[in-house]
Structure formats: structure tokens, C-alpha cells
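Subject: Structure for you to look over

Dear colleague,

Here is the structure that I would like to hand over to you, with the sequence alongside. My notes on what was found in it follow below.

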Amino acid sequence: MASTQQSNPSSPKSPVSVSTNNPNDATQATQLKKSPLVVIPYPAKIVVHFRHIGAAPILKQKKFKVGSDKLFLSLGNFLKSQLKLSSNDKIYIYCNQAFQPSFDERLGDLYSCFCIGKELVLHYSLVPAWA
């Protein structure tokens, strides 16, 4: 990624400066602004380990491979189907026995921050367990 710098002694040097003469330079600067600062690599599929809390039904299979690009909301729907609960039943899913992630959180991001032993451990309950 080559960036153009103007040689103006009165202006401070910046890593990217846009020349108005060339439209490609403006497009390149716009693309640089939109790109993420840090890219955190995580696998395409992650292992999610579900653990029950209290009187919640126990899953026969506790570990599942899930796409890391899926949203946390999809886990709630998946878990309800595995436990044979109706869509009206509430289920509470906690990460690290402490907090409920927001529904629009990507599983890959949760995995990169809170994985334990190469798996994302999530606890589920039918009643609120932790505040």
C-alpha cells in the first residue's frame, strides 16, 4: 500500500495525505480509513461448550462446532431447539459465569477474548443466575 506524501515544508508530515489532482489517491485514502486497525485471526469454526446451571435441562451432547461468523443470537435459538423448548421460553446464556453477551456479538470475537482451552465455555439457565 503506497501512500503519497506532499512535500510542503510548512505542513506537518502525515502518513497519508490526499492529492486532489489524482482521484485514485482519494479512493485509496478512503479505503484506508474504512479498514480495521487490528485484525484478530480466529478459526472458521469454534468449539462451544455448553454447561447447564441449576434446574436447566442437560444436553446429551455438550460440545458443538459453530461458525465463528455467527451471531450470539443464533446460539440462543440453537440451544432452544436442542433442549426442545418453545420459542416463547426464555433462556439465559452466560459467558465465563459472569455476563450475558449482547445478541449482535460475533462468536469469533467472544472466542478470541474468552476462550478457555481452545473452546468457548457458555453456561445456560432457564432463570436468571448471575447479574
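A good place to begin is Val48, whose bridge partner in β2 is Phe64. Please keep in mind throughout that this is a predicted model.

The pairing to which that bridge belongs is antiparallel, and it joins β1 and β2 over five bridges. On β1 there is also a parallel pairing, again described by five bridges, and in this case the partner strand is β4. Within that parallel pairing, His49 has Val121 of β4 as its bridge partner.

For the overall layout, the protein has three helices and four strands, and from the N terminus on these elements follow one another in the order α-β-β-α-β-α-β. Of its 131 residues, 28% are buried. If one takes the contacts between residues at least 6 apart in sequence, 59% of them join residues that are at least 24 apart.

Helix α2

The helix α2 covers residues 72–82, and its buried residues are Phe72, Leu75, Gly76, Leu79 and Lys80. These residues lie on the same side of α2, because the arc that they cover around the axis is only 135°. As a general point, an α-helix has 3.6 residues a turn, so residues three or four places apart point the same way. The cover over the buried residues of α2 includes strands β1 (45–52), β2 (63–67), β3 and β4 (120–125), together with the helix α3 (107–114). After α2 comes Lys84, which has a positive phi near 60°.

The largest pocket

Which element gives the most to the lining of the largest pocket? That element is α2, which contributes five residues, while α2 and β3 each supply at least two residues of the lining. The space in this pocket comes to about 200 Å³. Its lining consists of Phe72, Leu73, Gly76, Asn77, Lys80, Asp89, Lys90, Ile91, Tyr92, Ile93, Gln100 and Phe103, and by class these divide into six nonpolar, three polar and three charged residues. Phe72, Gly76 and Lys80, which are among the lining residues, are also among the buried residues of α2.

Another of the lining residues, Asp89, has its place in the loop between α2 and β3. Asp89 counts as partly exposed, because its relative accessibility is 32%, and partly exposed stands for values between 20% and 50%. Although Asp89 and Leu126 are 37 residues apart along the chain, their C-alpha atoms are separated by 8.1 Å.

Tyr92 and His123

Tyr92, which also belongs to the lining of the largest pocket, is found in strand β3, residues 92–95. Once residues up to four places away in sequence are set aside, Tyr92 touches Gln100 and, further along the chain, His123, Tyr124, Ser125, Leu126, Val127 and Pro128. Gln100, one of these contacts, appears in the pocket lining as well. The C-alpha atoms of Tyr92 and Trp130 are 9.5 Å apart, with their positions 38 residues apart along the chain.

His123, for its part, is found in strand β4. Is His123 buried or exposed? With a relative accessibility of 7%, His123 counts as buried, since the cut-off for a buried residue is under 20%. Leaving out its neighbours within four places in sequence, the contacts of His123 are Arg51, Ile53, Tyr92, Ile93, Tyr94, Gln97 and Trp130. In addition, His123 and Phe50, which are 73 residues apart in sequence, lie 5.7 Å from each other in space, C-alpha to C-alpha.

The loop between β3 and α3

Two residues of this loop deserve a look at their backbone angles. Asn96, which lies in the loop between β3 and α3, has a positive phi of about 55° although it is not a glycine. Gln97 lies in the loop between β3 and α3 too, and its phi is likewise positive, at about 55°, although Gln97 is not a glycine. Asn96 counts as partly exposed because its relative accessibility is 32%, and Gln97 counts as partly exposed at 41%. Gln97 is also one of the residues in contact with His123.

With best wishes

How values were computed
Residues numbered from 1 in each chain as written. Predicted model: local features only at pLDDT ≥ 70, side-chain atom pairs only at ≥ 80, totals over all residues. Heavy atoms only, no water. Contact = heavy atoms within 4.5 Å. 1 Å grid on protein atoms, 1.4 Å probe; cavity = no way out; pocket = protein on both sides within 12 Å on 5 of 7 lines; lining within 4 Å. Points joined across faces, edges and corners; volume = space filled by probe spheres on them. Nonpolar A, V, L, I, M, F, W, Y, C, P; charged D, E, K, R; others polar. Buried < 20%, exposed > 50% of the residue type's maximum accessible area, 1.4 Å probe, protein only. Arc of directions from axis to C-beta. Pairing = 2+ DSSP bridges.
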